[in-house]
Amino acid sequence: MSSDCGVNRSLKTLSNYPQLIQHYDYLKSVIKGKINESTVDVNGVYPNNELNLADIEIYGFDYDYTLAVYKESIDYLIYNLVSKVLQYPIGIHQLDYVPEFAIRGLHYDIENGLLMKIDSFHQIQKGSVYRGITKISDKEVEKIYGDLYISQSLIRPENSYPKMKQLIDLFSVPEICLLANVTEYFNQNNISYHPEILFYDVQNAVQSIHPLMHGMLDEEKIKDYLQNHPQLQEFLLRLKKANKKMFLITNSPYNDCGMKYMIGDGWTDLFDLIIVHARKPKFFVQEHRPFRQYHRETDCHLWEQVTKFEKDKVYMEGTVKQLLEITGWKGNNILYFGDQIYSDLADLTLYHGWRTGAVIKELEKEINTLNSEDFAEAISELQAIQQLIEEHQKRMENDARGKDLLKCLLHDRDLLRKRTKELFNPQFGSIFRTHHNPTYFSRRLFRYSDIYTAQVTNLLNYSVNHLFCPRRGFLPHERSVTSKFLEK
Ligand SMILES: [Mg+2]
């Protein structure tokens, strides 16, 4: 696509309307000026809900992708391991991982074998539906889904398997790429397959490599996959100095190579409680599953009843109910950080009243895009065109010439939306928004986390008593500073 064709087309038409073109230029320059006035802090912590750190006495952490920040090489490792485990035609193993193909939070239609992005109103985003790595035309999407609405009953049915699955966990980006590559391979080679079987085969293969992968991350290999995170020790030491308690709950087996690599041999001294094999989200919802003690030296789990937690020991399984009973901790004094919106944060927010922090690594890349000149240019053109449409459409609908102009402006708006989307990811755009709505992913992120950030150590930029206040957003019926500002 020529990035300017839409705008030029409009401007050519607009040239017959000197007042409109003047207004367009004014709007664009004002909007761009406002955007360029400030940059978004890539190391910021962003509140969805008011949170006073002075009230937090206990900090809890997930491990993978929360304390441990992995390099992109881990996605290649996951992709290649899953591809090998999959007992599929040999040609599949020669398909390369394409890191920029997918984003986290996409939905997969298990019956139709389609990948798509859905917004917070369950609407499919046009231009973001793929069979394999081939984009499906809007016409075909409408033929399959009618009004482009996806019912919640397809995603979370009461009594049966879902027909649609959101791919949201830590392995989802390589998993989506493998699903797409295998689908494309089957389609290109006219190999008959059942999308549902393909989906569950890939998903089972992904599940099966968890222990294998953690076993591979030994002292020698860990540096190839894990980022050295020098600020992590500083962050944890600062919390300890402030007399905060700290605990770790991970679904992974016990393997301390990563923590040793990031913090050193004495890392366990920083934590009051370490729980492995927790099986989240079951850990947060089940009531009856006893804690067991894990014996590090012999790699065995012991059989004695756990009635208290000791600082230098490691525990496994258990439930959040027993955790609170044994420790006497209160939920609203605990801030728990995780990268998985559903398995780490949702139940804690909905049922236990813990405060929650989401660690979303994609935020860094998205904020860098928001701060780019390309984005400022595209979004100011888009908003200026949109503002023209909103303000003048009533008048334009009065005659044929006006109607033609409106049609051109709407066409240009679509091209500018596409250009803006592609700045984040050419296929699926931003993980946080469709053109004008939050995504299904971000609506849940905002609901289930009090704060969110790209890395947990970004909290070092704030004091241990910082009060996070969410931005007062404007409801659609309230007076917006922006629209007032733009009035001529
Ligand atoms: Mg994790």
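These legends go with several close-up views of one predicted model. Residues are numbered from 1 along each chain as its sequence is written, and side-chain values use heavy atoms, with hydrogens and water left out. Local features need pLDDT of at least 70 and side-chain atom pairs count only at pLDDT 80 or more, while totals for chains, interfaces and linings use all residues.

**View 1. Phenylalanine 101 meets phenylalanine 428.** Let's start with rings. Rings of Phe, Tyr and Trp (its six-membered ring) pair if their centres lie within 6.5 Å; planes under 30 degrees apart are stacked, over 60 edge-to-face, and the rest tilted. By that rule there are 32 aromatic pairs. In this one, the planes of phenylalanine 101 and phenylalanine 428 stand at 85 degrees with the ring centres 5.6 Å apart, so the pair is edge-to-face. Where do the two partners sit in the chain? Phenylalanine 101 is in the loop between helix H3 (73–85) and strand S4 (106–109), and phenylalanine 428 is in the loop between helix H16 (400–422) and helix H17 (440–448), 327 residues apart. (Helices, H or I with at least four residues, and strands, E with at least two, are DSSP runs numbered from the N terminus.) Both phenylalanine 101 and phenylalanine 428 are buried; that word means under 20% relative accessible area, with exposed over 50% and partly exposed in between (1.4 Å probe, protein chains only).

**View 2. Phenylalanine 247 and tyrosine 336 form a stacked pair.** Here the planes are 20 degrees apart and the centres 6.1 Å apart. The pair links strand S9 (residues 245–249), home of phenylalanine 247, to strand S14 (residues 334–338), home of tyrosine 336, 89 residues away. Phenylalanine 247 and tyrosine 336 are both buried. They also belong to one aromatic cluster, whose members include Phe283, Trp329 and Trp354.

**View 3. Two arginines sit over rings.** A charge sits over a ring if NZ of Lys or CZ of Arg is within 6 Å of the ring centre and within 35 degrees of the ring normal. Arginine 443 does this with phenylalanine 121, its charged end 5.6 Å from the ring centre. Arginine 444 lies over the face of tyrosine 440, at 3.6 Å from the ring centre.

**View 4. Asp62 and Asp64 are listed by UniProt under "active site".** The listing comes from an unreviewed entry, and such annotations may be inferred rather than shown by experiment. Both residues help line the second largest pocket. (On a 1 Å grid over the protein atoms alone, a pocket is an open set of points with protein on both sides within 12 Å along at least five of seven lines; lining residues have an atom within 4 Å of a point.) Aspartate 62 is in the loop between strand S3 (58–61) and H3, and aspartate 64 is in the loop between S3 and H3 too. Are they buried or exposed? Aspartate 62 is buried at 6% relative accessible area, and aspartate 64 is buried at 10%. The side chains of aspartate 62 and threonine 66 share a polar contact of 2.9 Å (a pair of N or O atoms within 3.5 Å; within protein, one must be able to donate a hydrogen and the other to accept it, and residues adjacent in sequence count only if both atoms are side-chain atoms).

**View 5. A cis peptide bond joins lysine 280 and proline 281.** Omega is about 5 degrees here. Proline 281 lies in the loop between strand S10 (273–276) and helix H11 (282–285). Histidine 277 is found in the loop between S10 and H11 as well, with a positive phi near 50 degrees.

Key. 1 Å grid on protein atoms, 1.4 Å probe; cavity = no way out; pocket = protein on both sides within 12 Å on 5 of 7 lines; lining within 4 Å.
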